[in-house]
Amino acid sequence: MTQSDHHIQAITVYRAEDFVVTDGAHLGDGMSILEELVPDDIYGLRHGAKRQRLALKTLGDGHFAVAEGSEIGMPGAALHLDCAVKLMSPDGLTSDALVLVEVDPAQTISAIYMLPLAPIQPKTDYTLVGMDRDSARRKFAQVACVSFTRGTHITMASGRQVPIEDLTVGDRVLTRDDGAQAIRWIGQSTTRAVGDFAPIVITAGALNNENDLVVSPDHRLFVYQRSDEIGAGQSEILIKARHLVNGETVYVQDGGFVDYFQILFDRHHIIYAEGIAAESLLVDPRTRPALPPELLEKLGGLLPGHRRDSHGLDVQRTLLDRPDAIELLRRASLR
């Protein structure tokens, strides 16, 4: 398989036994598969429960496996996305979580994990108010879809700066490698700005951007290093916005709601937002379920052109785990 067929990513999950029923039909049981869940059961985190890093490999057929280097799980074991659950806290707010199941070669369940899409607070009761299997893949895909927020200025082929919400299908956008390219599809959604959906703010000037750039956490920014300031070993690099957070010039905008927009081209491109380079939506086995089925059918012959490995090196977080990382990258792109 090619590199684009096998993509490794990390999510942070709770073990199912760390989120248990404190009142209800299955008292003392942990979060489980859809068939074993009972509506109105009340759950809570065990004392000392922590989210752990689950590295997963997305296979070409859309299935998953535990990847090497995972903090939990057996490398190579199959992972199944079982269901989505909706939890209600005492203040009436609801949040989603996804249940993943690890199975052994005999297809017997060996572990169950819960991926919260919003923070789960200790010493708090959560009522199970909904669960379904149909929306799980779509919600999992939405986390991975790279998105710009309302008001982001996109550079057009003409050089004009246009707010993303004013773009339409067919508009021609300037790309780094292929000049003017027509937009094939624009997605839009509004979601609570919490957890994995809380956007990252890159303040004006932090990466030589003209205005604040606000993007989804896993949105990758392209940096051309004229000098290799961070030791990546390559001049063309891609960096997830969440890995640049320093609490000052780059921070998480947590709370309220956020309008997210996705721009899709016939190929995966690097475009310009607020004057700096950032990726467009990449369609791969992980993100595919987030697109409307009729669009996928229409674009079937074009989607093989979406390749993850064509624009630069994905920089690991360890290279950016230093207080001056954002300044080093800013300088490296100028020299």
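How many nonpolar, polar and charged residues does the lining of the second largest pocket have? By class, that lining has twelve nonpolar, eleven polar and five charged residues. Here Ala, Val, Leu, Ile, Met, Phe, Trp, Tyr, Cys and Pro count as nonpolar, Asp, Glu, Lys and Arg as charged, and the others, Gly among them, as polar.

This is a predicted model: local features need pLDDT of at least 70, side-chain atom pairs count only at pLDDT 80 or more, and totals for chains, interfaces and linings use all residues. Residues are numbered from 1 along each chain as its sequence is written, and side-chain values use heavy atoms, with hydrogens and water left out.

## Overall fold

The chain has three helices and 24 strands. Both are DSSP runs numbered from the N terminus: helices are H or I with at least four residues, strands are E with at least two. The radius of gyration is 20 Å, close to the 20 Å that the globule rule gives for 335 residues, so the chain is as compact as a globular protein of that length. That radius is taken over C-alpha atoms, and the rule is 2.2 Å times the number of residues to the power 0.38. Along its principal axes the C-alpha trace spans about 60 × 45 × 40 Å. Of the 335 residues, 49% count as buried. Buried means under 20% relative accessible area, exposed over 50%, and partly exposed in between, with a 1.4 Å probe and protein chains only.

## Nonpolar cores

A nonpolar core is a set of buried Ala, Val, Leu, Ile, Met, Phe, Trp, Tyr and Cys residues joined through side-chain atoms within 4.5 Å. The largest has 36 residues; Phe148, Leu244, Ile263 and Leu329 touch the most other members. Elements that each supply at least two residues include β16 (200-202), β21 (257-264) and α3 (325-332). Helix α3 gives the most to this core, with four residues. A second, separate core of 23 residues includes Ile33, Leu34, Tyr43 and Val101.

## The second largest pocket

This pocket holds about 500 Å³ of space. A pocket is an open set of points on a 1 Å grid over the protein atoms alone, where a 1.4 Å probe fits, with protein on both sides within 12 Å along at least five of seven lines; lining residues have an atom within 4 Å of a point. Grid points are joined across faces, edges and corners, and the volume is the space filled by probe spheres set on them. The lining counts 28 residues, of which Gln142, Ser189, Thr190, Thr191 and Phe197 lie nearest the centre. β7 (94-103), α1 (136-144), β15 (185-192) and β21 each supply at least two lining residues. β15 gives the most, with seven.

## A hairpin and three loop residues

Strands β13 (residues 172-175) and β14 (residues 179-182) run antiparallel, joined by four bridges. Two strands pair if DSSP finds at least two bridges between them. The hairpin connection takes three residues. Leu174 stands opposite Ala180 in β14.

Three acidic loop residues follow.

| Residue | Loop | Relative accessible area |
|---|---|---|
| Asp40 | between β2 (19-23) and β3 (42-45) | 56%, exposed |
| Asp196 | between β15 and β16 | 18%, buried |
| Glu274 | between β22 and β23 | 3%, buried |

Phi of Asp40 is near 75°, a positive value in a residue other than glycine. Phi of Glu274 is also positive, near 50°. The C-alpha atoms of Asp196 and Ala77 are separated by 25 Å, and the two residues are 119 apart along the chain.
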